[in-house]
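I opened the notebook to look up how the strands pair here, and then what lies at the surface and in the core.

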Amino acid sequence: MLRVLRSGVCGTDATEWSSGPKTFPVNRIHPVTSHTGPMILGHEFVGEVVETDADGRFTAGDVVASGAGVSCGVCRRCREGRTNLCDVYYTLGLNVGGGMAEYVSVPERVLVPVPEAMSLDRAGLAQPMARLAGAAFVVP
């Protein structure tokens, strides 16, 4: 569980807000997340870890940047590096609640630590900048 510290607004968020919903499931159940109805947008965000699994990589107080896409990491498509084609792929803030909330639940595998010397404002650009650079934002 993360306490959101910064959340960006991208073009998808703006479109969903102004003329949507187009992407997230309102009148149907999402096949992976089972979400239906109103959605908390936000898939570009930074947060402070407030709760984690006992055997997790992070501890309470760690500051992390979140990736947007969540995949299984083990299927054939994921092993090929084509995580967006994973059978159980979903996007935070579009298929399940996202980072424009005070708190958000995020799978640990899509989190990366934010260096202490980096400002939160700059860290908030980690996800969109990783996408521009073609970097994978999933930790194996």
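I started with leucine 2, and in this predicted model I found that leucine 2 stands opposite valine 104 in strand E6. I then looked up the pairing around these two residues: E1 and E6, the latter covering residues 103–104, pair in the antiparallel sense over 2 bridges.

I next followed E1, residues 2–7, to its pairing with strand E2, residues 45–49, and noted that the two run antiparallel and are joined by 5 bridges. As one position in that pairing, I recorded that arginine 6 stands opposite valine 46 in E2.

Which residues have the most contacts inside the largest nonpolar core? I listed Leu2, Phe45, Val64, Leu92, Val104, Val106 and Leu111, in a core that has 13 residues. I added that E1 and E2 each supply at least two residues of this core. As background I wrote down that nonpolar side chains tend to be buried together in soluble globular proteins.

I went back to valine 104 for its contacts and, leaving out residues up to four places away in sequence, I found that valine 104 touches Met1, Leu2, Val4, Phe45, Gly97 and Gly98.

Last, I turned to tyrosine 103, whose place is in strand E6. Is tyrosine 103 buried or partly exposed? I noted a relative accessible area of 40%, which falls between the 20% and 50% cut-offs, so tyrosine 103 counts as partly exposed. I also entered that Tyr103 forms a nonpolar patch on the surface with Met1 and Val50, and that their accessible area together is about 240 Å².

Notes: Residues are numbered from 1 along each chain as its sequence is written. This is a predicted model: local features need pLDDT of at least 70, side-chain atom pairs count only at pLDDT 80 or more; totals for chains, interfaces and linings use all residues. Side-chain values use heavy atoms; hydrogens and water are left out. Two strands pair if DSSP finds at least two bridges between them. Helices (H or I, at least four residues) and strands (E, at least two) are DSSP runs, numbered from the N terminus. Patches are made of residues with over 30% relative accessible area and no salt bridge: like charges are joined within 9 Å, nonpolar side chains (Val, Leu, Ile, Met, Phe, Trp, Tyr) within 5 Å. Accessible areas come from the Shrake-Rupley method with a 1.4 Å probe; for residues, only the protein chains shown count as cover. A salt bridge is a side-chain nitrogen of Lys or Arg within 4 Å of a carboxyl oxygen of Asp or Glu. Buried means under 20% relative accessible area, exposed over 50%, partly exposed in between (1.4 Å probe, protein chains only). A nonpolar core is a set of buried Ala, Val, Leu, Ile, Met, Phe, Trp, Tyr and Cys residues joined through side-chain atoms within 4.5 Å. Contact means heavy atoms within 4.5 Å.
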